[in-house]
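Open the model in your viewer and keep the selection tool at hand. We will go from the whole chain to single residues.

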Amino acid sequence: MENHWYEAGLEHVWLPYAQMKTMRPPLPVVRTQGCRIVLADGRELIDGMASWWTACHGYNHPHIRAAVERQLAAMPHVMFGGLVHEPALTLARRLAALLPGDLDRVFFSESGSVAVEIAMKMAIQYWLNRGEEGRSKFIAFKGGYHGDTTGAMAVSDPDGGMHDVFHGVLPEHFVLALPTDRAGEAALSGFIQTHREQIAGIIVEPLVQGAGGMKFHAADVLHTLRTLADRHGLLLIFDEIFTGFGRAGSMFACGAAGVVPDIITLSKALTGGTLPLAATVARQHVFEAFWSDDPRHALMHGPTYMGNALACAAANASLDLFEREPRLAQVAAIAEQMARELAPCRGLPGVKDVRVQGAIGVVELERIDDLNALRARFVEQGVFIRPFGNVIYLTPSFTVSSDELSKLTRAISKVLGG
Ligand SMILES: Cc1ncc(COP(=O)(O)O)c(C=O)c1O
């Protein structure tokens, strides 16, 4: 009777990325704490996902909670049209200071996909405002994922499995191979040369392609993209929704690679996993293309919950924690431990590759036949790990203890070892 809400509500909810008919029943959660998820039946799972990579400081961090509670008492939300407030302006200033180069203008929204839509609109209108018509296509990359809204889907790899039913319906962009060597660079350069007039920009997840398969590439690829974008006069967009805020090993992948994009998108760990918030940040020259006496040159976008004060307060508190606590050192320690403890998986049957970058540990399999069964086996081991496609991966909170992390890596070896 205690869980009456579960049976009564499950009939009415539609869950993400799920065939509702064949999926296993979702786990009822009643509490989170640190790196633990507490289920309604009292079981405690060690969390290997950090809730889709958001909860970088662990769940229920007291500093973020206190900041949100204070903000809640003062003002949970006020519209951002014609009104501004301290948490949003402080956050914009702090993000601009953290990001490299003149990535200085912050446009807030509430989800990663929307941040990508805004980046795409900015790039297209950038050219229109400068009098260049017809530049509405993007170059994106195989293995890439940028979100589930229509524009973001259209620049994600159509063969990744997430969006293939929408083939032929979405606007078509150029989804190409990442230029990982000289031949790739020459091919991409030639392609751009031919299609330049149609292209607004290049969009890429820098260093790590996340939901498209947890694939890594070298910083050189990003240098190549910057060079080609400059040579052919295209905007370069980095989608750091996954890699931002330490996940790939440094605060931002662009900083680690030494490449300044023209537009960057941020979300996920921005609020430390507390509240939905995203940001699309533009360089000065992008903003200047909208600075005009002509009202039609304005960026016509404005989500209702834009700059939500609670979310901005959480994000400011999350940035405090990056300043006060040794988060990046913790990420380095997690990387070292995952590399050591996942390495033996290389010898297990069906394992294709094991790789680690920052606080992202990946065991790629030849294939996974029954994802639901595999997921359930992790729960039996007392951990929450949610493989997709053909990858099992760990993206724990940066505050995960070494014991907890060992339990996560051991669960993978055990489940794969049979
Ligand atoms: C790189 C990247 N871009 C965009 C998104 C979409 O973000 P959201 O799910 O908040 O819309 C994701 C989500 O996984 C992502 O990893």
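Helices here are DSSP runs of H or I with at least four residues, numbered from the N terminus. By that count, Val221 lies in helix α8, residues 219-232. We will come back to Val221 later in the tour. Keep in mind throughout that this is a predicted model.

**Stop 1: the whole chain**

Show the protein chain as a cartoon. Its secondary structure comes to 14 helices and 16 strands. The radius of gyration is 22 Å, close to the 22 Å that the globule rule gives for 418 residues, so the chain is as compact as a globular protein of that length. Turn the C-alpha trace along its principal axes: the spans are about 60 × 55 × 45 Å.

Now colour by burial. Buried residues make up 45% of the 418 residues. Then look at contacts between residues at least 6 apart in sequence: 73% of these join residues at least 24 apart.

**Stop 2: two domains**

Select 4-57 together with 326-417 and give them one colour. That is domain 1. Select 62-324 for domain 2. Taken over C-alpha atoms, the domain centres are separated by 26 Å.

Where do the two domains meet? On the contact surface, 23 residues of domain 1 are in contact with 22 residues of domain 2. To see the domain 1 side, select α2, α12 (327-342), β13 (351-357), β14 (360-365) and β16 (391-394); each of these elements gives two or more residues to the side that touches domain 2. The residues on that side divide into 14 nonpolar, seven polar and two charged.

**Stop 3: the core**

Next, the largest nonpolar core. It has 117 residues. Pick out Ile202, Ile263, Ala279, Val281 and Ala314, which have the most contacts inside it. Helix α5 gives the most to this core, with 10 residues. Domain 1 and domain 2 both give residues to the core, so it lies between them.

Zoom in on Ile202. Setting aside neighbours within four places in sequence, which residues is Ile202 in contact with? Show Phe138, Ile139, Leu225, Ala229, Leu234, Leu236 and Ile237; these are its contacts.

**Stop 4: the ligand**

Centre on the ligand. A shell of 14 residues surrounds it. Select Gly112, Ser113, Gly147, Ile241 and Phe242, which are the closest. Helix α5, residues 112-129, gives the most to this shell, with three residues. Colour the shell by class: five residues are nonpolar, seven polar and two charged.

**Stop 5: Val221**

Return to α8 and select Val221. Is Val221 buried or exposed? Buried is the cut-off for 20 or more other C-beta atoms within 10 Å, and Val221 has 21 C-beta neighbours inside that distance, so it counts as buried. Leaving out residues up to four places away in sequence, Val221 touches Leu178, Pro179 and Thr180. Draw a C-alpha to C-alpha distance to Pro179: the two are 42 residues apart in sequence and 6.0 Å apart in space.

**Stop 6: two positive phi angles**

Most residues other than glycine have a negative phi. Two residues to check here go the other way.

Select Tyr17. Its phi is positive, about 50°, although it is not a glycine. Tyr17 is found in the loop between α1 (4-10) and β1 (29-33). It has 10 C-beta neighbours inside 10 Å and so counts as exposed.

Now select Trp52. This residue is not a glycine either, yet its phi is positive at about 55°. Trp52 is found in helix α2, residues 50-53. With 16 other C-beta atoms within 10 Å, Trp52 is partly exposed.

**Stop 7: two loop residues**

Go back to the loop between α1 and β1 and select Met23. Met23 is partly exposed, with 13 other C-beta atoms within 10 Å. Apart from neighbours within four places in sequence, Met23 is in contact with Ala18 and Asn372. Draw a C-alpha to C-alpha line to His217: the pair is 194 residues apart in sequence and 33 Å apart in space.

Finish at Glu172, in the loop between α6 (150-154) and β6 (174-176). Glu172 has 10 C-beta neighbours inside 10 Å, so it counts as exposed. From Glu172 to Val286, the C-alpha distance is 24 Å, with their places 114 residues apart in sequence.

Note on methods: Residues are numbered from 1 along each chain as its sequence is written. This is a predicted model: local features need pLDDT of at least 70, side-chain atom pairs count only at pLDDT 80 or more; totals for chains, interfaces and linings use all residues. A residue is near a molecule or strand if its C-beta atom, placed from the backbone, lies within 6 Å of it. Ala, Val, Leu, Ile, Met, Phe, Trp, Tyr, Cys and Pro count as nonpolar, Asp, Glu, Lys and Arg as charged, and the others, Gly among them, as polar. A nonpolar core is a set of buried Ala, Val, Leu, Ile, Met, Phe, Trp, Tyr and Cys residues joined through C-beta atoms within 7 Å. A residue is buried if 20 or more other C-beta atoms lie within 10 Å of its own, exposed if 12 or fewer, and partly exposed in between; C-beta atoms are placed from the backbone. Domain bounds come from an automatic or database domain assignment. Two residues are in contact if their C-beta atoms, placed from the backbone, lie within 7 Å. The radius of gyration is taken over C-alpha atoms; the globule rule is 2.2 Å times the number of residues to the power 0.38.
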